[in-house]
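Got your viewer open? Follow along, and at each stop select what is named and have a look around.

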Amino acid sequence: MTKKTPFYDKHIALGGHLVDFVGFIMPTQYKGIIDEVKRIRTTVGVFDVSHMGEIEVKGPDALKFISKITINDPSALSLNQVQYSAMCYNDGGIVDDLLVYRLKKRYLLVVNASNIDKDFKWIKYNINENVTVKNISDDIAQLAIQGPDAEKVIQKLTDIDLSEIRFYWAEESKIADIETVLSRTGYTGEDGFEVYFDKKYADKMWDAIFEAGKEFNIEACGLGARDILRLEMYYRLYGNDIDSATTPIEGDLSWITRLNKTSFNGREVLLKQKVEGLTRKLVPFEMIDKGIPRQGYKIKDKDGNIIGCVTSGNLSPMLQKYIGCGYVELEYSNIDSEFTIDIRGRLLKAKVVKTPFYKDGTHK
Amino acid sequence: MNFPENIKYTKSHEWIKVEGDMAIEGITDFAQEELSDIVFIELPDVGTLAEAGKAFGTIEAVKAVSDMLAAVSGEIIETNTALAEIPEKINQDPYGEGWIIKIKMSNPEDVNNLLSAEEYEKFIAEGH
C-alpha cells in the first residue's frame, strides 16, 4: 500500500512529478532536476522528507542500548547533538544508516523510509535493557530547508539565534509557532536545516516557510535533485551503496565505526575486516571517458575482467563530470586507480578520486 | 504540449519531417518532457544504415536511458553533433535545434506507417 505524506496536496498543486518511492508517493522533481540541484547549491529549496522514519528511545538504559545497536559512539553526544551512524546485523551487514539525536527526554533515531518496519523490528528484537521504543514515523512531518540562504529563511520564523546552532546540532524550539525538533543537518552538502513536527501542522509550516522564503525565491525540490546532491558529496544511499550484504568497513564508513567500543552488533566481523583487510571496497570515481555510469553496470579491468559493480552514478551538474561509486577489488581502491565501466557494451575509462566530488558546499 | 502538424510521429515518441527523399528525425515534446533533463546522447556514425523500428542511438536523462528508434529505413547522412556538447537543446527545442539525425530514405513508403499529429496526440491521451 502506498502512503501519502502530509504534503501530498502541496506537491500536486505545484505540479510535482509523483512516483512511488519505497511505498510513499513522492515528488522526483517539479521544474527540473538539474535546476533544483543548482538552486540548493546557490540559494534555498525545500524537500519534503516526511517519508523518513522516526523511532524514539527512552528509559534509563537508552544510551547503553543505542550504543549496542549502532556502530558510532552515542556516548560522545552532548545534549542536542546529532550523530551519523548505522546499525549492523551480527554478521556485519548493514541494517540501515541513520541519525541519532540526543534530546532532553529521549533519543530520536531517524531512519530510511525503505527500512522503517525492518529497523523497528530489529530494534525491538535487540532489547534486553530497560528502555521503551516507539515508532512515531506516521505522526511526524519532516522538511529539509537546504541551501546557503536557508538560515535567513528559518531565522524569520523563530526567536532563537540560529547562528548558535552548529552543524549536526539540534534545538527543540518553536518554528512558526509550531513545536519542532530543528537541526542543522541535511544530506546535501549545503548549509541547511531539517525540521520535525506533528503532521497536523504540515500546511501551516509549509506555508510559513514558503512565505518567509519568498524574498529568496524559495522553491520545492524533489528526490531526483536530492539523489544527485548526496552523490556529489559521496554520501551513501541505503539500497544502492550499502545494504545487508555489505559492511560499514567495505562501504567506506570506517570513520563512523567505533571499534574501540567494547561491544556492539557486528563488532567481531568488522574488527576482523579491519585487522585482516578487505577483499572489496566502495570507491568514488569519475569518468575519464564520456558516459554515465549507472547502478548495476559492471566495473572491469583493462582486459575486460569483472572487478566490481557500480552502485550509484550520474552527471554532476555542478562539476559537469560523470561521477559514481561502486565496489571494486581492493587493489583498485587507491586514489588514481584506473578501471573501466561497461556502459552498455562499451568499456569506458574511469578513475578513483578524492571526495567529496563537489568541494564548495556551504555546510558548516 | 506541442504537436506540430507538418511532421509524422512514431509510437516510440520520435518524429520525422520529410523533405523529398530525406527525413529529419528527433524525439517528441512529450518524450523530452517525460525524460526531463537530457544529459547525454550517443549518436550513430554518419553512413550507418538505419532500419525502421530499430535503435540507432541512445539518449540519457538524469534518471533514465532510452533507445532512440529509427522512424524510417535508410542511410544516416548527418547527425546533430552540437548535441554532444549541449544535449539539453533537445529539452529546449525538440522539433528545431534538438533534431537528432537525417536519413536518406531507402523506402519512402515507411512514412505511411507513421502517425499524424492528431493520431499521436490521441495515442498520448490514451496514456502511452
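Start with both chains in view, and keep in mind that this is a predicted model. Across the interface of chain A and chain B, there are five salt bridges. For one of them, select Arg346(A) and Glu42(B): their side chains meet with N to O at 3.3 Å. Side chains of opposite charge can pair when their charged atoms come close.

Now colour the whole contact between the chains. Chain A brings 17 residues to it and chain B brings 15 residues. About 1,300 Å² is buried between chain A and chain B, with carbon and sulfur atoms giving 48% of that area. Which residues of chain A lose the most area to chain B? Select Lys290(A), Arg294(A) and Arg344(A): together they make up 36% of what that side buries.

Stay at the interface and switch on polar contacts. You should find 15 residue pairs in polar contact between chain A and chain B, both partners at pLDDT 80 or more. On the side of chain A that touches chain B, the elements giving two or more residues are helix 2 (33-42), helix 7 (223-232) and strand 17 (306-316) of chain A. Sorted by class, that side of chain A has seven nonpolar, five polar and five charged residues.

**Into chain A**

Next, select the barrel of chain A. Six strands close it in the order 15-18-17-16-19-20, with antiparallel pairing. From one strand to the next, the twist averages 45 degrees. Pick out strand 17 and strand 18 (residues 321-329) of chain A, which pair in the antiparallel sense over eight bridges. Within this pair, Ser312(A) stands opposite Cys325(A) of strand 18. Add helix 7 of chain A to the selection: it lies across strand 17 and strand 18, running at about 120 degrees to strand 17 of chain A.

Two backbone details are worth a stop here. Most residues other than glycine have a negative phi, and most peptide bonds are trans. Select Gln320(A), in the loop between strand 17 and strand 18 of chain A; Gln320(A) is not a glycine, yet its phi is positive, at about 55 degrees. Then go to Pro356(A), in the segment after strand 20 (346-352) of chain A. The peptide bond from Thr355(A) to Pro356(A) is cis, with omega near 0 degrees.

**Over to chain B**

Select the open sheet of chain B: six strands in the order 1-2-3-9-8-5, with antiparallel pairing. Which strands stand at the edges? They are strand 1 (8-9) and strand 5 (49-50) of chain B; each has a single partner strand, so one side of each is left without a neighbour in the sheet.

Inside the sheet, strand 8 (residues 74-79) and strand 9 of chain B pair antiparallel over five bridges. Glu75(B) stands opposite Lys104(B) of strand 9 there. Keep Lys104(B) selected and add Asp21(B): the two form a salt bridge, with their closest N and O atoms 3.8 Å apart. This pair links distant parts of the chain, 83 residues apart, with Asp21(B) in the loop between strand 2 (14-19) and strand 3 (22-27) of chain B and Lys104(B) in strand 9 (residues 101-105). Over all chains, the structure holds 34 salt bridges.

For the last stop, select strand 6 (residues 55-61) and strand 7 (residues 65-69) of chain B, which run antiparallel and are joined by five bridges. A hairpin of three residues connects strand 6 to strand 7 of chain B. Finish on Ile59(B), whose bridge partner in strand 7 of chain B is Ser66(B).

Key. Residues are numbered from 1 along each chain as its sequence is written. Chains are lettered from A and ligands numbered from 1 in the order in which they are written. This is a predicted model: local features need pLDDT of at least 70, side-chain atom pairs count only at pLDDT 80 or more; totals for chains, interfaces and linings use all residues. Side-chain values use heavy atoms; hydrogens and water are left out. Contact means heavy atoms within 4.5 Å. Buried area is the accessible area (1.4 Å probe) that two parts lose on being put together, summed over both. A salt bridge is a side-chain nitrogen of Lys or Arg within 4 Å of a carboxyl oxygen of Asp or Glu. A polar contact is a pair of N or O atoms within 3.5 Å; within protein, one must be able to donate a hydrogen and the other to accept it, and residues adjacent in sequence count only if both atoms are side-chain atoms. Helices (H or I, at least four residues) and strands (E, at least two) are DSSP runs, numbered from the N terminus. Ala, Val, Leu, Ile, Met, Phe, Trp, Tyr, Cys and Pro count as nonpolar, Asp, Glu, Lys and Arg as charged, and the others, Gly among them, as polar. Two strands pair if DSSP finds at least two bridges between them. Axes are lines fitted to C-alpha atoms, for helices over the stretch in contact, and angles run from 0 to 180 degrees between N-to-C directions.
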